[in-house]
Amino acid sequence: MPDWSNWSGRHRLHTGNLHFLRSEEDAAALAAKASREGLRIRTAGAGHSHAPLVPCEDIIVDAQALAGVLSVDKEQKRVWVGAGTRIHSLGAPLNDAGLGLHNQGDIDQQAIAGATATGTHGTGPKLRNLSAAVTGMRIALASGELITATETRNPELLQAARLHLGAFGIVTALELQLRNAYRLKEVSSRSNLEEIAERIDAEIAAHRHFEFFWYPQNDMAFVKTIDETDEPAQYPLAAEGSRLAWSHEVLPNHRPHKHTEMEYSVPADRGLACFNAIRELLRNDFKDVAWPVEFRTLAADDVWMSTAYERPTVTISVHQTTDEDETDYYNACEAIFRAHEGRPHWGKMHYLNGPTLRAIHPRWDEWWAVRDSVDPNRTFLNSFLEGLSTSRR
Ligand SMILES: Cc1cc2nc3c(=O)[nH]c(=O)nc-3n(C[C@H](O)[C@H](O)[C@H](O)COP(=O)(O)OP(=O)(O)OC[C@H]3O[C@@H](n4cnc5c(N)ncnc54)[C@H](O)[C@@H]3O)c2cc1C
């Protein structure tokens with residue numbers, strides 16, 4: 001039995017150094033001690049990243065005890081929440097306060113600090129990723145200081161750390177921008193790609209959320225649209241594709257089948273062309289792949305390391321079962337994604353090095369400079385991030 005494993009089981013660790021945090025003070029003291037002793041720390045969320053972001057030679061911190069809604073500002077529609085709060089346990093208390101997240105991803109199992117660490121997103125051309133919703137952070141730094149970063153206090157730290165990759169310190173709490181609670185109605189259908197291509201721009205524009213999964217084995221797609229509604233919620237909830245309920249009840253799905261995943265964000269106007277190139281690749285060279293390809297949209301944002309930084313985006317995900325070696329397939333997909341100016345999802349698989357990432361992230365150097373200023377001894381980098389960082393200049 002490993003002591004720690006990510007969701008897919010691809011990253012398994014046998015380490016005696018798992019630390020279960022109990023308080024912010026505990027986080028600050030642990031960070032300072034590790035820094036003094038030259039040890040590395042990584043904080044785990046729910047372990048749903050495919051990229052090796054959490055594995056670490058020295059200490060892995062579990063922050064799930066730092067959970068719950070800490071305060072609610074109804075006027076500004078903002079809340080402070082514990083960093084380890086699972087997204088699924090935010091829905092009901094926020095809803096009780098008349099509030100809701102603007103959007104959510106495909107599942108709601110992640111810790112909020114883990115989801116915002118990697119730019120986790122849902123779908124919707126006007127909806128930004130979860131990192132863009134972060135308006136405040138509390139972080140235990142390597143110095144032992146518990147720092148608060150908001151739009152007015154340490155604003156540059158906030159700007160950099162909204163998408164933090166666990167590299168600034170132990171995040172203990174986050175402030176999120178919400179909106180009034182709302183209900184959603186989901187509609188799904190099966191379609192072929194030629195039909196989808198004919199109406200895709202109109203469909204994207206017409207709905208709050210639009211997405212499809214294309215299944216290569218039968219060349220059909222499962223299309224889903226979701227829109228706001230005043231209709232009353234219907235319980236028990238219907239199956240995925242037909243739900244009508246509060247946003248936190250409709251947006252998340254059940255994804256039990258273990259897989260690995262690569263996802264790239266491409267400029268929105270190249271989305272369909274990129275998707276078609278991936279489809280041709282599967283039809284010609286990877287006929288055995290049974291896993292679907294997912295197409296979603298994402299609004300531009302101003303989060304420094306976001307894959308949607310200053311550009312309207314389409315995200316395309318490819319999957320493979322954990323029993324199969326995905327390398328050839330993902331390498332071939334990555335070549336196509338890169339030819340379409342793609343940026344890889346931080347929580348998923350990619351094979352890019354530091355210089356390449358630097359070339360596609362306009363704020364790369366500034367992000368690293370702010371990070372280095374709060375963690376000069378690199379207490380919060382593991383070998384994966386160190387590998388990306390050392391080759392950056
Ligand atoms: C089945 C499945 C479905 C998914 N669906 C989507 C989707 O729809 N959209 C999407 O964009 N992504 C999706 N993902 C990817 C997932 O949302 C991201 O990888 C996310 O970062 C995982 O969050 P986590 O809580 O599991 O964090 P982890 O994977 O445990 O950690 C992620 C990062 O957060 C850091 N971290 C976590 N907590 C803290 C803390 N308190 N302080 C400092 N650093 C911290 C870690 O160090 C690491 O760098 C999916 C993944 C899976 C397995």
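## Cavities

Two cavities of 30 Å³ or more occur in this predicted model. The largest cavity holds about 100 Å³ of space. The second largest holds about 70 Å³.

## Largest cavity

The lining of the largest cavity consists of 14 residues. D106, T123, E211, I226 and L251 lie nearest the cavity centre. Two elements give two or more residues to this lining: β14 (209–215) and β15 (220–229). Of the elements, β14 gives the most, with three residues.

By class, the lining of the largest cavity has seven polar residues, four charged and three nonpolar.

## Second largest cavity

I87, L90, G91, L94, N95, L99, G100, L101, Q104, S247 and H248 line the second largest cavity. Three elements each supply two or more of these residues: α2 (91–96), β8 (99–100) and α6 (247–250). The largest share, three residues, comes from α2.

No charged residue lines the second largest cavity. Its lining divides into six polar and five nonpolar residues.

## Second largest pocket

The second largest pocket contains about 290 Å³ of space. It is lined by 22 residues. Closest to the pocket centre are R128, A132, A133, V134 and Q177. Strand β9 (134–140) and helix α4 (155–161) are the elements that give two or more residues to this lining.

Charged residues are present here: the pocket lining has six of them, along with nine polar and seven nonpolar residues.

## Nonpolar cores

Nonpolar side chains tend to be buried together in soluble globular proteins. Here, the largest nonpolar core has 80 residues. Within this core, F168 and F212 touch the most other members. Helix α8 (residues 327–339) supplies the largest share of the core, six residues.

A second core is separate and has 15 residues. Among them are L21, V61, A63 and L66.

## Contacts of F212

Which residues does F212 contact, leaving aside its neighbours within four places in sequence? The partners are L193, I196, I200, A221, F222, V223, F275, V293, E294 and F295. F212 itself falls within the span of β14 (209–215), an element that gives residues to the lining of the largest cavity. Partners A221, F222 and V223 of F212 fall within the span of β15 (220–229), which also gives two or more residues to that lining.

Terms used:
Residues numbered from 1 in each chain as written. Heavy atoms only, no water. Core = buried A, V, L, I, M, F, W, Y, C linked by side-chain atoms within 4.5 Å. Buried < 20%, exposed > 50% of the residue type's maximum accessible area, 1.4 Å probe, protein only. Helix = DSSP H or I, 4+ residues; strand = E, 2+ residues; numbered from the N terminus. Contact = heavy atoms within 4.5 Å. 1 Å grid on protein atoms, 1.4 Å probe; cavity = no way out; pocket = protein on both sides within 12 Å on 5 of 7 lines; lining within 4 Å. Points joined across faces, edges and corners; volume = space filled by probe spheres on them. Nonpolar A, V, L, I, M, F, W, Y, C, P; charged D, E, K, R; others polar.
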